[in-house]
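Please examine the structure below with its sequence at hand. The account that follows is intended to be read alongside both.

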Amino acid sequence: MKTQTLFKKILTIRSDFPIFTHAVHKNRLLCYLDNAATTHKPQSVIDGMVHFYSQDNATVGRAIYTSGERATSLYEAARETVQHFIGAQNASEIVFTRGATEGINAIAHAWAAHCLHAGDEIVLTELEHHANLLPWQRVSQQTGAVIKFIPIHADGSLDYTDLDTIITHKTKLVATTHVSNALGTTVDIDRIITRARHVGARILIDASQSAPHQRINVTTLDPDFLVFSGHKMLGPTGIGVLYVKKSVHHELVPYQCGGGMVFNATWQTASWLKMPHLLEAGTPAIAQAIGLASAISYLEQIDFKELAIHEAALCSRLIDGLLKLLPIRILGPIAQLRTQGHLVSFVVNGLHAHDVAAYLDHKGICVRAGHHCAQPLAQTLGIEASVRVSFYLYNTQQEVDFLLETLTQIISHLPDMK
Ligand SMILES: Cc1ncc(COP(=O)(O)O)c(C=O)c1O
């Protein structure tokens, strides 16, 4: 009964997304299972941006004329929408970026590069996306700070056994993903934050794979920095969010200089505006910020608890089916994925992940294949590539069944499995 109700809702939800209607009209099957990479956009998000460009277009923060002031109000209102969405205390804590990658790089340059020194330690996990690894490698080269890793178990869950000896008084920053984009592992963020606070380290959370799927409240979570991308949560590309707790603002320097962030400039020197403008040099992505606000308004109508149940049920159905297919090895902590996952990764023994994905594409099924921008993690797991299936609010049980049927066909062609 409950599933029925959810399913009815999903059909209504799907009708909000023109890409699905378009596919039906073109008689094209679109079984989109790559939501961890990017999500589709509801009509309201597209309309929000079209409305801005067709009726309110102007730059922000500097125009004196009426439409410029209106554009500024819309842009700042979008910031407040994000603020309330993640439970931040102040709008000044919300910086618009191009995405999670830019947010992490911003902190690497605007905070870490001058706050960290030789002998300091940065702690990451072995689950990190390149976006939360490579910027710290560079900081390490620049400052002499040393990077340490919280390891994973063989099933892709995080091993907290040595947490107290990994995060020590030398640790100045703990930067961790909330949910792994490659394995779907949910990190015990409270445990890590508690330990990091105990030693006085700053905390950065990469919420790219959690903010779209669960309610994030930065006031209760209490990180210093948190990032996510708009395009993974129904918003447009080119917009993301960097949250910086107000008490850390005084430790920041601009990482890009130019218009929009200057208080006063002479030929020799300049002084800066306060946050959030300090980290928003140049003309921002105005329409995209408005599109993100529309996406958040759409998501505000979704019960996140129901969404989590729906996604976990799809993961469970997929896992049940995959476990029956012998040459398939599921990566990631299966029990956790069944209760709180939104993605499942696997390898098909004897077939490269790219070949699996290409065959699935031939049937209209979109999945991701590769190392998922987490190449060191793939090396640790001893694999070259995997297939990743990732769900969102518009995916259905029928799509999971269709994927499983198609995988069964693929496997029936494998010589050893006949
Ligand atoms: C966990 C995680 N972190 C960071 C990123 C980078 O996001 P973006 O490419 O939108 O900046 C991604 C994108 O896949 C991700 O999944």
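The paragraphs below proceed from the nonpolar core to a buried strand, then to a helix pair, and finally to an open sheet.

The model is a predicted one. Its largest nonpolar core holds 118 residues, and the members that touch the most other members are Ile107, Val174, Val227, Leu242, Tyr243, Ala289 and Ile290. Helix α10, which spans residues 286-300, supplies the largest share of this core, with 10 residues. The core also draws on two domains: at least three residues come from each of domain 1 (2-32 + 302-417) and domain 2 (46-298).

Two of the core residues named above, Leu242 and Tyr243, lead to strand β8, residues 240-244. Because 5 of the 5 residues of strand β8 are buried, this strand is largely enclosed by the rest of the structure. The burial applies to both directions in which its residues point: Gly240, Leu242 and Val244 point one way, Val241 and Tyr243 point the other way, and all are buried. Strand β8 has antiparallel partners in β2 and β7. Strand β2 (residues 94-97) is joined to β8 by 4 bridges in the antiparallel sense, with threonine 97 standing opposite glycine 240. Strand β7 (residues 225-229) also runs antiparallel to β8 and is joined to it by 5 bridges; here leucine 226 stands opposite tyrosine 243. The surroundings of tyrosine 243 can be listed in full. Apart from its neighbours within four places in sequence, tyrosine 243 is in contact with Ile86, Ala88, Glu93, Ile94, Val218, Phe225 and Leu226.

Attention now returns to helix α10, the contributor of 10 residues to the core. Its axis and that of helix α3 (residues 43-56) come within 8 Å and cross at roughly 145 degrees. The crossing of α3 past α10 is right-handed. On the α3 side, the contact is made by Ser44, Val45, Gly48, Met49, Phe52 and Tyr53, and on the α10 side by Ala287, Ile290, Gly291, Ser294, Ala295 and Tyr298. Ile290, in this contact, is also among the core residues that touch the most other members.

The last element to consider is an open sheet of 4 strands, arranged in the order β11-β12-β15-β14 with antiparallel pairing. Its edge strands are β11 (328-331) and β14, each of which pairs on one side only. From one strand to the next, the twist averages 30 degrees. Beginning at the β11 edge, 4 bridges join β11 to β12, and arginine 329 has valine 347 of β12 as its bridge partner. Helix α11 (residues 304-324) packs on the sheet and touches β11, β12 and β15; its direction makes about 15 degrees with that of β12. Helix α13 (residues 353-362) packs on the sheet as well, touching β12, β14 and β15, and its direction makes about 160 degrees with that of β14.

Further along the order lies β15. Strand β12 (residues 343-348) pairs with β15 over 4 bridges in the antiparallel sense, and serine 345 has arginine 388 as its bridge partner there. Strand β14 (residues 368-370) pairs antiparallel with β15 over 3 bridges, glycine 370 being matched with serine 386. Strand β15 (residues 386-390) is mostly covered, with 5 of its 5 residues buried. Both of its faces are covered, since Ser386, Arg388 and Ser390 on one side and Val387 and Val389 on the other are all buried.

Definitions and conventions:
Residues are numbered from 1 along each chain as its sequence is written. This is a predicted model: local features need pLDDT of at least 70, side-chain atom pairs count only at pLDDT 80 or more; totals for chains, interfaces and linings use all residues. A nonpolar core is a set of buried Ala, Val, Leu, Ile, Met, Phe, Trp, Tyr and Cys residues joined through C-beta atoms within 7 Å. A residue is buried if 20 or more other C-beta atoms lie within 10 Å of its own, exposed if 12 or fewer, and partly exposed in between; C-beta atoms are placed from the backbone. Helices (H or I, at least four residues) and strands (E, at least two) are DSSP runs, numbered from the N terminus. Domain bounds come from an automatic or database domain assignment. Two residues are in contact if their C-beta atoms, placed from the backbone, lie within 7 Å. Two strands pair if DSSP finds at least two bridges between them. Axes are lines fitted to C-alpha atoms, for helices over the stretch in contact, and angles run from 0 to 180 degrees between N-to-C directions. A crossing is left-handed if the near helix is turned anticlockwise from the far one by less than a right angle, and right-handed if clockwise.
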